[in-house]
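Trainee: I should like to take a close look at one part of this model and then see how that part sits within the whole. Please give a single connected account.

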Amino acid sequence: MAIPFRAVLCASLLVFSSLSALAHDYKIGDLKIDHPWARATPGGAKVGGGFMKITNTGTLPDRLIGGTALVSNIFEVHEMKMEGNVMKMRALDKGLEIKPGETVELKPGGYHVMFIDLKSPLKEGEKVRGTLVFERAGTVEVEYKVEPRGASPAQTHDHGAHAGGHKH
Amino acid sequence: MNALRLVRYVSWGAIAVITAALLYVLLNPKQSEQGTGVASIGGPFRLAAHDGRMVSDADLKGKPFALFFGFTHCPDVCPTSMLEITNDMNALGAAAKDFRVYFVTVDPARDTAALLKEYVGSFDARITGLIPKDEAELAAMARTYRAIYRKVDTPSGYTMDHTASIYLMDEKGQFWGTLDSKETPQTRQAKLKRLLGRG
């Protein structure tokens, strides 16, 4: 019996698209990491920022304490704050706490991971591979999607499937 | 009762001190000489540009310009500000054709002319990087614009705190206003339009 080619194509497209959506959620222990992304960097820039949402579905607190990225020699967890019109950035010495039942969003203007000493610029459309290290949950491999310069979290959540209701 | 009396004395004392301070500020001859009493922002400077030219305040007279303090090891606010003002200038079209934006690095130790050239060049040709030759020149420039910057250690090196507003200066080189990332593009572009309409 022959299965129409179009049906196979549709089925494989469905599988593929759900896989690609799934591939952008990561799980380790009680933690769920949603849509890691980064912004394309300007020419000459030696640093880039990485962003994501981390949800702790467990009953114990955890901390993002470090990680790696293939594109950079150094990886740090930072917080950016505006005090009046002064931009202040600090490395989080004790990592970023993810309390049980809470979601922490890393986003421009706030918490972020820093790719320091970039080996090459982050280009829109590229994927950046790396790891995140949590105090309790351990190490997880993730992939950041590089969005255009100046992209905001709302613009990057175009998957619908796991964007918490953002639809475009 | 004694405690109450003490509170009363202290309160009157505090009021007296505040009143004296206010009177001093209001009557201080140095303040009134400035006319408005508003702290001045901007003034003389001469800094090397990313292309090797020297740029001074005198060179900029006659046309409004924008000025920003930043550094290339800045993951967020600097690229965002430069991208936004590039978009704003493009949105204004011909009106902003001759507008110039100056990016003063607060990290001259790492931001070489070549690096700044590549950095600002990746946004818009109307943006020029300015590089203080040393700490003293940077401090003087920051004082002139009442900008704040500070080196802060991180595990792998350092980062810079800095004033993140874009200064808008009029054709006389006097402070006219600021652009802020929190503002909508419409607000920013309306400001730029008004500034450019003066010339």
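In what sense do β2(A) and strand β11 of chain A pair, and over how many bridges?

Mentor: The model is a predicted one. In it, β2(A) pairs with strand β11 (residues 138–147) of chain A in the parallel sense, over 3 bridges. One residue pair fixes the register: A38(A) has V146(A) in β11(A) as its bridge partner.

Strand β11(A) has another pairing to consider. Strand β10 (residues 127–134) of chain A pairs with β11(A) in the antiparallel sense, over 8 bridges. These two strands, β10(A) and β11(A), form a hairpin with 3 residues between them. F134(A) is bridged to G138(A) of β11(A). As general background, the strands of a sheet pair through backbone hydrogen bonds, and the sense may be parallel or antiparallel.

Strand β2(A) also deserves attention for its backbone. H35(A) is found in this strand, which spans residues 31–39 of chain A. The phi of H35(A) is near 50°, a positive value in a residue that is not glycine. H35(A) counts as buried because 22 C-beta neighbours lie inside 10 Å, the threshold for burial being 20 or more. Chain B offers a counterpart in R146(B), which has a positive phi of about 50° although it is not a glycine. R146(B) is found in the loop between α6 (135–144) and β6 (149–154) of chain B. With 13 C-beta neighbours inside 10 Å, R146(B) counts as partly exposed.

These strands belong to a chain whose secondary structure comes to 2 helices and 11 strands. Along the sequence, chain A begins with a helix, runs through its strands and ends with a helix, in the pattern α-β-β-β-β-β-β-β-β-β-β-β-α. Of its 168 residues, 32% count as buried. Among the contacts in chain A with a separation of 6 or more, 68% are between residues 24 or more positions apart.

The account now passes to the interface. Here 26 residues of chain A are in contact with 25 residues of chain B. On the side of chain A that touches chain B, the elements giving two or more residues are β3 (47–56), β5 (72–83), β6 (86–91) and β9 (111–118) of chain A. Of these, β6(A) gives the most, with 6 residues. By class, this side of chain A has 13 nonpolar, 8 polar and 5 charged residues. Strand pairing also crosses between the chains: β6(A) and strand β7 (residues 157–163) of chain B run antiparallel and are joined by 2 bridges. V86(A) stands opposite T163(B) in β7(B).

Chain B has 7 helices and 9 strands, and buried residues make up 35% of its 199 residues. In chain B, 7 strands form an open sheet of mixed pairing, in the order β2-β1-β5-β4-β3-β8-β9. At the edges stand β2 (54–56) and β9 (175–179) of chain B, each with a single partner strand, so one side of each is left without a neighbour in the sheet. Neighbouring strands of this sheet are turned by 35° against each other on average, direction ignored. At one edge, strand β8 (residues 166–169) of chain B pairs with β9(B) in the antiparallel sense over 4 bridges, and I166(B) has L179(B) in β9(B) as its bridge partner.

Two helices pack on this sheet. Helix α4 (residues 77–92) of chain B touches β3 (65–70), β4, β5, β8 and β9 of chain B, and its direction makes about 165° with that of β3(B). Helix α5(B) touches β1 (46–49), β4 and β5 of chain B, with its direction at about 155° to that of β5(B). The buried residues of helix α5 (residues 113–121) of chain B are L115(B), L116(B), Y119(B) and V120(B). Seen down the axis of α5(B), these buried residues fall within an arc of 115°, so they line one face of the helix. What covers them includes β4 (100–105) and β5 (127–131) of chain B.

The largest nonpolar core has 72 residues, of which A66(B), L67(B), F68(B), F103(B), V104(B) and L168(B) touch the most other members. Leaving aside residues up to four places away in sequence, F68(B) touches S81(B), V101(B), F103(B), V104(B) and I166(B).

Key:
Residues numbered from 1 in each chain as written. Chains lettered and ligands numbered in written order. Predicted model: local features only at pLDDT ≥ 70, side-chain atom pairs only at ≥ 80, totals over all residues. Buried ≥ 20, exposed ≤ 12 C-beta atoms within 10 Å, placed from the backbone. Arc of directions from axis to C-beta. Contact = placed C-beta atoms within 7 Å. Pairing = 2+ DSSP bridges. Axes fitted to C-alpha atoms, helices over the stretch in contact; angles between N-to-C directions. Nonpolar A, V, L, I, M, F, W, Y, C, P; charged D, E, K, R; others polar. Core = buried A, V, L, I, M, F, W, Y, C linked by C-beta atoms within 7 Å.
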